[in-house]
Amino acid sequence: MPFASIVVPAFNATATLRPTLESLLDQSWRELEIVVVDDGSTDETADLAAGFAARDSRIRVVRQANRGLAGARNSGIAAARGEVVGFCDADDLWMPGKLSAHIAHLRAAPQVGLSYSGSALIDTEGRLTGHAQKPRLTGMTAAHVFKRNPVGNGSAPVFRRAALEALAWRPRFETERDWVFDETFRQSEDIECWTRLALTTDWQLEGVPGLLTCYRINPGGLSANTTAQLASWERMVDKLRPMAPEFFARHETAARAYQLRYLARRAVSDSDGATARALIANALRLSRAPLREEPAKTLTTWAAAHALDRFGPSVLGFAKRLHPKFRATR
């Protein structure tokens with residue numbers, strides 16, 4: 001039995017699955033299995049995964065009709081045999097020491113149920129962009145998870161199996177396996193899961209140092225989906241609010257402001273100045289918490305949004321020369 005499982009949800013991922021699997025097979029921790037979940041692909045994803053499995057017995061392939069990212073992850077969890085379970089989307093990469101670092105962390109900190117890392121951002125060709133998600137690693141409260149999403153993306157976490165079991169439930173209509181991720185969400189399923197873990201269990205979330213995940217950013221269309229992203233986030237809040245009404249009464253407004261600031265930064269990254277300016281204005285109108293708690297990032301977002309809206313995309317190059325650490329992340 002492998003000690004660790006890595007679940008790889010894959011839908012029409014022929015273009016990126018090969019480097020993803022190669023990065024996972026290159027892990028310094030060798031006692032692992034890789035569960036590729038082909039989520040109803042119509043391209044060569046299943047054949048590509050099967051070819052890898054034929055060459056390396058550590059890879060198994062699960063095939064299913066399309067259920068979405070959350071559904072593919074849930075099927076992977078059900079098939080996984082490891083004591084720890086990590087996730088890597090089929091267009092992302094893991095650095096060779098990532099799994100070892102998380103296993104050492106979980107062994108040293110028995111109270112931690114979810115271990116995560118920072119992420120370097122890569123472009124569609126797999127090249128480093130020079131930007132990164134560098135989250136806070138310790139002292140995570142439920143409020144910080146809700147407002148700031150330190151895990152960052154779905155390829156960053158490695159779970160203790162007991163923590164996944166604490167999150168699992170089975171809807172009345174489900175006949176095949178439990179859910180950990182809510183399959184009714186097509187967006188915000190990640191932050192819904194992390195926040196539910198923080199709110200409803202005693203398991204802690206902590207990070208390990210380093211940019212151990214390479215998270216692929218697809219340019220274009222980021223700001224076009226801000227309405228859908230915000231609606232999905234609001235639906236997540238509506239779902240979780242009854243579980244902890246006092247918590248949401250205290251933190252919901254500030255968390256919404258942080259979400260709007262995040263979407264404003266995504267709009268800046270997509271060179272959509274008008275949308276970015278409206279989003280950051282709405283964020284500060286709702287709550288001054290982002291300005292009070294993270295003034296540099298908030299003011300940088302405000303300035304970038306206004307400059308972009310007034311002067312156009314050419315201003316971004318100048319802004320990056322003045323402030324090279326600016327990046328459209330949380």
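Reader: Where does Arg265 sit in this model?

Author: Arg265 belongs to helix α9, which covers residues 245–269. Keep in mind that the model is predicted.

Reader: Why is Arg265 called buried?

Author: The relative accessible area of Arg265 is 3%. Buried means under 20%, so with 3% Arg265 counts as buried.

Reader: How far is the C-alpha atom of Arg265 from that of Arg277?

Author: The two C-alpha atoms are separated by 9.7 Å, and the residues are 12 apart along the chain.

Reader: Sticking with α9, what makes α8 and α9 roughly antiparallel?

Author: Helix α8, residues 226–240, packs against α9 at an angle of about 165°, and the axes are 11 Å apart. Angles over 145 degrees count as roughly antiparallel, and therefore α8 and α9 get that label. The contact draws on residues of α8 including Leu230, Trp233 and Val237, and on residues of α9 including Phe248, Ala255 and Leu263.

Reader: Which hand does the crossing of α8 and α9 have?

Author: That crossing is right-handed.

Reader: Just past α9, what is unusual about the phi of Ser271?

Author: Ser271 has a positive phi, about 60°, and is not a glycine. Most residues other than glycine have a negative phi. Ser271 is in the loop between α9 and α10, the latter being residues 273–286.

Reader: Why does Ser271 count as partly exposed?

Author: Ser271 has a relative accessibility of 33%. Partly exposed lies between the 20% limit for buried and the 50% limit for exposed, so 33% puts Ser271 in that class.

Reader: How do you know which class Asn149 falls in, buried or exposed?

Author: Asn149 has a relative accessible area of 8%. The cut-off for buried is under 20%, so Asn149 is buried. Asn149 lies in the loop between α5 (142–148) and β8 (158–160). Asn149 also has a positive phi, about 45°, without being a glycine.

Reader: On to the strands: what makes β1 a mostly covered strand?

Author: Strand β1 is residues 4–10, and 7 of its 7 residues are buried. In a regular strand the side chains alternate between the two faces of the sheet. Here both faces of β1 are covered, with Ala4, Ile6, Val8 and Ala10 buried on one side and Ser5, Val7 and Pro9 buried on the other.

Reader: How do you know that β1 pairs with β4?

Author: Pairing takes at least two bridges. There are 4 bridges between β1 and β4 (residues 84–87), so these strands pair, and they do so in the parallel sense. Ile6 is opposite Gly86 in β4.

Reader: How many bridges join β1 to β2?

Author: β1 and β2 (residues 32–39) run parallel and are joined by 7 bridges. Ser5 has Glu33 in β2 as its bridge partner. With helix α1, residues 14–25, these two strands form a right-handed β-α-β unit.

Reader: What makes β5 and β9 a pair?

Author: β5 (residues 93–94) and β9 (residues 204–216) share 2 bridges in the antiparallel sense. At least two are needed, so 2 bridges meet the cut-off. Trp94 is bridged to Thr213 in β9.

Reader: In which sense do β6 and β9 run?

Author: β6, residues 112–122, runs parallel to β9, and 10 bridges join them. Tyr116 is opposite Gly207 in β9.

Definitions and conventions. Residues are numbered from 1 along each chain as its sequence is written. This is a predicted model: local features need pLDDT of at least 70, side-chain atom pairs count only at pLDDT 80 or more; totals for chains, interfaces and linings use all residues. Side-chain values use heavy atoms; hydrogens and water are left out. Buried means under 20% relative accessible area, exposed over 50%, partly exposed in between (1.4 Å probe, protein chains only). A crossover is right-handed if, with the strands pointing away from the viewer, the path from the first strand over the helix to the second runs clockwise. Axes are lines fitted to C-alpha atoms, for helices over the stretch in contact, and angles run from 0 to 180 degrees between N-to-C directions. Angles under 35 degrees count as roughly parallel, over 145 as roughly antiparallel, 65 to 115 as roughly perpendicular and the rest as oblique. A crossing is left-handed if the near helix is turned anticlockwise from the far one by less than a right angle, and right-handed if clockwise. Contact means heavy atoms within 4.5 Å.
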